[in-house]
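Me: I should like to go through this model by question and answer. Please keep the reasoning explicit.

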Amino acid sequence: MLDIFKRRLLTFKWEQYLAASLASYGSLCTGMAMGWTSPVLPQLRGPNSPLPREPTLQEESWIGSLLVLGGLFGPLLTVPLSRYIGRRWIIMSTNLPLLLGWLLAGVATNLETLYVARLAWGCATGMLFATVPVYIGEIAEDKIRGSLSALFLLFINVGFLLAYAIGPFTSYWGLTATGGILSLFYLPFTWFIPETPFFLIYKGRKDEASKVLQSLRRATKEAVQPELEGLEAMVAREFKEEPRIKDLWASRGNIKALGICVFLAMLLQLSGIDVLLFYMEELLVKVGTKMSASDGTIIMGVVQVVTSCITPLVVDRLGRKLLMWTTSLGLTIFLALIGVYALIDSYYKYDVSSVAFLPLLCLIVYMVFFTLGVGPVPWILVAEMFPVKTKCLASGIASFMCWLAGFIWTRFFRDVAASYGIYTAFWILAVCCGIGFIFSATLLPETKGKTFDEIQDMLNNRTKEDKPADV
């Protein structure tokens, strides 16, 4: 048993996990910024609010949704810069809008300042979502690429848990100061991550790329030479010309990959995750759960983190397709159940005290399903499905559409709930997830364990004889 443990320890790719974790640390900070609204909105209505008056329902909706709107600007910054300054420097630069957001939130005395803070947080979040999955995809070995990519969501969920656990027991300024302090660590952490071998080869820095690969793979110069030569051949083949937006529809495989990734990225938001996370305490009250909102929110945060720890263990074993269709189906069922409960409780006014545990239970199961599949899989596929020439463009477009869908839904969810009932809002979410289930079960290809070239062959329906020769 001890010998088996030693062998596993020696073969564990801790260098790759460390680099992926340090790059993903920023998502912890942005996760805390995203979850900040859940405990803070009730405080803004109380006597210790930094605002001169209680915000209206519409103003609260803007506080929640402006972070998602700010996320639209992230891809617009990262995509044109990524091929000039690299993934590492973009990841490091996300700390600027992140810290600006915490600073503005800390000194805010009016709604306008809070709005700008939320936009700044959103910009940082959008930059991270467009860059970190690409970064991890380019440093990871094929067999652990899914596990490393799942770390991104794990850190986001840790950030949510921190906001949920700290917020109810401290003041507005205490929670905001904690987020700012945690964000200060991001720049020194990311200073130690290497640039990706692909980008170094793209810039003609072969010796640096070789050293990075030797460190990440824990191998000799000779051992990484085949992978290095493969990267050189890929760059020579894919970058005869500078990347252009029309490259995204230059082949059947690119069109197919773009459609899949954009749809799943939008499904991620249309499943209602940001709505639930931003307004968790409020929703737990509205759907009729009898547990205190703050306790229920902390339980939800713990479930997110625990499930996120399981995700890296299963995503490379069960595969992307299986995880997507099963979790989409699960979300459909449990969102519909919450809607039925809310209808019986709030519309028909039946006594549901005997099953008062049901809303929280359904939300817990919802979070498990989301964290296992619908949440991480779209970003894993973005890192896997595109040729290196179009990967950054595709990642930016998928991220942009994700945040666009998220902004629309977080902005108008409360309006729908107020006008047509909270049950109607949950049924709309269930329908969206049902569409995602049908799509994932019928049209989503499996990429588990495949190399980039094998995935491209599959998307383009190419056989080995049809593959382009390396130059």
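Me: Which residues does Trp36 touch, leaving aside those up to four places away in sequence?
Reply: This is a predicted model in which local features need pLDDT of at least 70 and side-chain atom pairs count only at pLDDT 80 or more, while totals for chains, interfaces and linings use all residues. Residues are numbered from 1 along each chain as its sequence is written, and side-chain values use heavy atoms, with hydrogens and water left out. Contact means heavy atoms within 4.5 Å. On that basis Trp36 touches Ile63, Trp102, Ala105, Leu114, Arg118, Trp121, Ala163, Tyr172, Leu175 and Thr176.

Me: Which helix gives the most residues to the largest nonpolar core?
Reply: A nonpolar core is a set of buried (under 20% relative accessible area; exposed is over 50%, partly exposed in between; 1.4 Å probe, protein chains only) Ala, Val, Leu, Ile, Met, Phe, Trp, Tyr and Cys residues joined through side-chain atoms within 4.5 Å. The largest core has 134 residues, of which Trp36, Leu114 and Met385 touch the most other members. Helices are DSSP runs (H or I, at least four residues), numbered from the N terminus. With 12 residues, the greatest contribution to this core is from helix α7 (residues 111-139).

Me: How many residues apart in sequence are the parts that Glu60 and Arg45 tie together?
Reply: The side chains of Glu60 and Arg45 meet in a salt bridge (2.6 Å, N to O), a term for a side-chain nitrogen of Lys or Arg within 4 Å of a carboxyl oxygen of Asp or Glu. Glu60 lies in helix α4 (residues 57-71) and Arg45 in the loop between α3 (37-44) and α4, so the parts tied together are 15 residues apart in sequence.

Me: Is Arg45 buried or partly exposed?
Reply: Its partner Glu60 is buried, with a relative accessible area of 3%. Arg45 has a relative accessible area of 32%, and is therefore partly exposed.

Me: Which helices are tied together by Glu384 and Arg320?
Reply: Glu384 and Arg320 form a salt bridge, with the closest N and O atoms 2.4 Å apart. The pair ties together parts 64 residues apart in sequence, because Glu384 lies in helix α20 (residues 377-385) and Arg320 in helix α18 (residues 320-347).

Me: What separation along helix α21 do Asp415 and Arg411 have?
Reply: Asp415 forms a salt bridge with Arg411, the closest N and O atoms lying 3.2 Å apart. Both Asp415 and Arg411 are buried. They are four residues apart in helix α21 (residues 391-420), so their separation is about one helical turn.

Conventions
Helices (H or I, at least four residues) and strands (E, at least two) are DSSP runs, numbered from the N terminus.
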